[in-house]
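Work through the exercises below with the sequence and the model open side by side. Try each task before reading its solution.

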Amino acid sequence: RVWIAAATKRRSTMLARSSRALARMARGVMAATKAPRTAGCDLDAQALRSRTWSRKTSAAWTCGMCASPNVAVAQLQNASLPRETVPEDQGVMQDMAYPVVDFKRNQVGVATLLGEIFDVPLRRDIVFRVVRWQLAKRRGGNHKTKTRGEVSGSNRKMYRQKGTGRARHSTAKAPQFRGGGKAHGPVVRSHAHNLQKKVRRLGLKVALSAKAAEGRLLIINNLALPEYKTKALLDSISALLPEAQRNSVLFVDVAGPGVCSGVGEEVDVGIRRALRNVPGIDAIPVQGLNVYDILRKDTLIITEDALGAIEKRLLVD
């Protein structure tokens with residue numbers, strides 16, 4: 001009877017938790033779908049959106065074509081500003097308009113971020129699995145201890161088997177003695193484990209969606225500079241980002257000239273040399289874009305060319 005009562009209590013608890021989870025999901029879907037759209041507008045067909053992310057205000061959808069130009073530009077600029085909270089309708093996989101800026105943070109165009117890549121639900125479990133897979137794969141695995149067969153020393157029996165009143169022992173290289181071998185110690189091995197491609201791809205989408213939801217994603221037209229010097233690049237970053245964000249930046253660009261044969265594709269050699277001795281700022285090509293580097297940096301800056309390459313890489317049937 002006690003066992004049946006405990007099982008019934010556990011089942012009731014699980015059902016209550018499931019009901020609360022379903023209720024939260026239903027509230028999220030209702031909040032995402034009840035926002036009105038402007039009828040008869042061409043931009044709505046392209047899913048270009050602009051939203052005020054405050055939880056205290058109502059969800060107001062405004063169209064860039066129907067609203068005044070100043071309001072539309074201000075809304076697009078606010079889309080790339082850091083936010084303390086994630087939007088309530090995040091994860092509905094809806095395309096959104098995002099401003100394209102230059103190094104002076106002047107808007108030079110508008111890019112459409114695909115909802116299948118930049119607006120997927122934020123799943124911490126997927127990100128955890130991908131980061132764990134990355135960190136395990138890059139471990140050296142060179143740890144090694146000596147066993148009793150590898151320790152230097154004599155194999156002579158310490159003392160006779162019987163008649164001493166002491167415990168029976170063989171050689172002094174046994175693990176229980178000082179200077180002896182290590183029992184069940186680490187050996188040289190690989191810590192890498194398998195992870196499905198679809199999970200890795202989903203983890204990258206979640207990381208990109210998190211940066212877009214937090215407003216820590218910038219789309220820049222290109223990384224062209226008058227001169228590829230460290231000082232010139234730092235001045236451009238200072239004009240592009242506020243002081244609190246310029247210390248942890250990740251640039252993503254397509255592979256450029258100056259690629260070393262046998263090493264793999266890299267970004268432009270001028271950018272790499274300008275960033276070589278700047279701590280906290282890195283530049284990687286689209287081929288090297290990964291979840292761990294995205295999460296460990298505060299701001300993610302992607303060029304227009306790299307944006308198209310990312311969409312081509314992740315949109316796989």
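The exercises go from the whole chain to helix pairs, cores and single residues.

**Exercise 1. The chain as a whole**

Task: State how many helices and strands the chain has, and what share of its residues counts as buried.

Solution:
- Step 1. Note the kind of model. This one is predicted.
- Step 2. Count the elements. The chain has 10 helices and 6 strands.
- Step 3. Take the burial. Of 317 residues, 36% count as buried. The cut-off for buried is under 20% relative accessible area.
- Step 4. Look at contacts between residues at least 6 apart in sequence. Of these, 71% join residues at least 24 apart.

**Exercise 2. Helices H5 and H6**

Task: Find how H5 and H6 are oriented to each other, and which residues make their contact.

Solution:
- Step 1. Locate the pair. H5 covers residues 124–137, and H6 covers residues 197–214.
- Step 2. Read the geometry. The two pack at an angle of about 115°, and their axes are 9 Å apart.
- Step 3. Classify the angle. Angles of 65 to 115 degrees count as roughly perpendicular. H5 and H6 are therefore roughly perpendicular to each other.
- Step 4. Add the hand. H5 crosses H6 in a left-handed way.
- Step 5. List the contact. H5 supplies Ile 126, Val 127, Arg 129, Val 130 and Trp 133, while H6 supplies Val 199, Arg 200, Leu 202, Gly 203 and Val 206.
- Step 6. Sort by class. The contact of H5 with H6 has 7 nonpolar residues, 1 polar and 2 charged.

**Exercise 3. Helices H6 and H10**

Task: Describe how H6 and H10 cross, and give the classes of the residues in their contact.

Solution:
- Step 1. Locate H10. This helix covers residues 304–314.
- Step 2. Read the geometry. The axes of H6 and H10 come within 11 Å and cross at roughly 145°. The crossing is left-handed.
- Step 3. List the contact. From H6 come Arg 201, Leu 204, Lys 205 and Leu 208, and from H10 come Ile 310, Arg 313 and Leu 314.
- Step 4. Sort by class. The contact of H6 with H10 has 4 nonpolar residues, no polar ones and 3 charged ones.

**Exercise 4. The nonpolar cores**

Task: Find which residues have the most contacts inside the largest nonpolar core, and which element gives the largest share of this core.

Solution:
- Step 1. Size the core. The largest nonpolar core has 35 residues.
- Step 2. Name the residues with the most contacts inside it. They are Leu 208, Leu 217, Ile 219, Val 252 and Ile 302.
- Step 3. Trace the source. H6 gives the largest share of this core, 6 residues.
- Step 4. Look for another core. Apart from the largest lies one of 20 residues, including Val 101, Leu 233, Val 278 and Ile 301.
- Step 5. Follow Val 252. Leaving aside neighbours within four places in sequence, its contacts include Ile 284, Val 286, Leu 300, Ile 302 and Ile 310.

**Exercise 5. Two residues of strand E2**

Task: Decide whether Ala 111 and Leu 113 are buried or exposed.

Solution:
- Step 1. Place them. Strand E2 covers residues 107–113 and holds Ala 111. Leu 113 is in E2 too.
- Step 2. Apply the cut-off of under 20%. Ala 111 is buried, because its relative accessibility is 8%. Leu 113 is buried, because its relative accessibility is 0%.
- Step 3. Check Ala 111's contacts beyond four places in sequence. Among them are Met 96, Val 100, Ile 219 and Leu 307.
- Step 4. Do the same for Leu 113. Its contacts include Tyr 98, Phe 118, Leu 217 and Leu 307.
- Step 5. Compare sequence with space. Leu 113 and Gly 308 are 195 residues apart in sequence, and their C-alpha atoms are 9.8 Å apart.

**Exercise 6. Loop residues**

Task: Find where Leu 241, Met 93 and Arg 105 lie.

Solution:
- Step 1. Leu 241 is in the loop between H7 (230–240) and E4 (249–253). Leu 241 is buried, because its relative accessible area is 3%.
- Step 2. Beyond four places in sequence, Leu 241 touches residues including Arg 105, Leu 218 and Ile 301.
- Step 3. Met 93 is in the loop between H3 (69–78) and E1 (96–101). Arg 105 is in the loop between E1 and E2.
- Step 4. Check phi. Most residues other than glycine have a negative phi. Met 93 has a positive phi of about 55°. Arg 105 has a positive phi near 60°.
- Step 5. Add accessibility. Met 93 counts as partly exposed at 46%, and Arg 105 counts as partly exposed at 28%.

Terms used. Residues numbered from 1 in each chain as written. Predicted model: local features only at pLDDT ≥ 70, side-chain atom pairs only at ≥ 80, totals over all residues. Heavy atoms only, no water. Axes fitted to C-alpha atoms, helices over the stretch in contact; angles between N-to-C directions. Helix = DSSP H or I, 4+ residues; strand = E, 2+ residues; numbered from the N terminus. Parallel < 35°, antiparallel > 145°, perpendicular 65-115°, else oblique. Left-handed = near helix turned anticlockwise from the far one by under 90°. Contact = heavy atoms within 4.5 Å. Nonpolar A, V, L, I, M, F, W, Y, C, P; charged D, E, K, R; others polar. Core = buried A, V, L, I, M, F, W, Y, C linked by side-chain atoms within 4.5 Å. Buried < 20%, exposed > 50% of the residue type's maximum accessible area, 1.4 Å probe, protein only.
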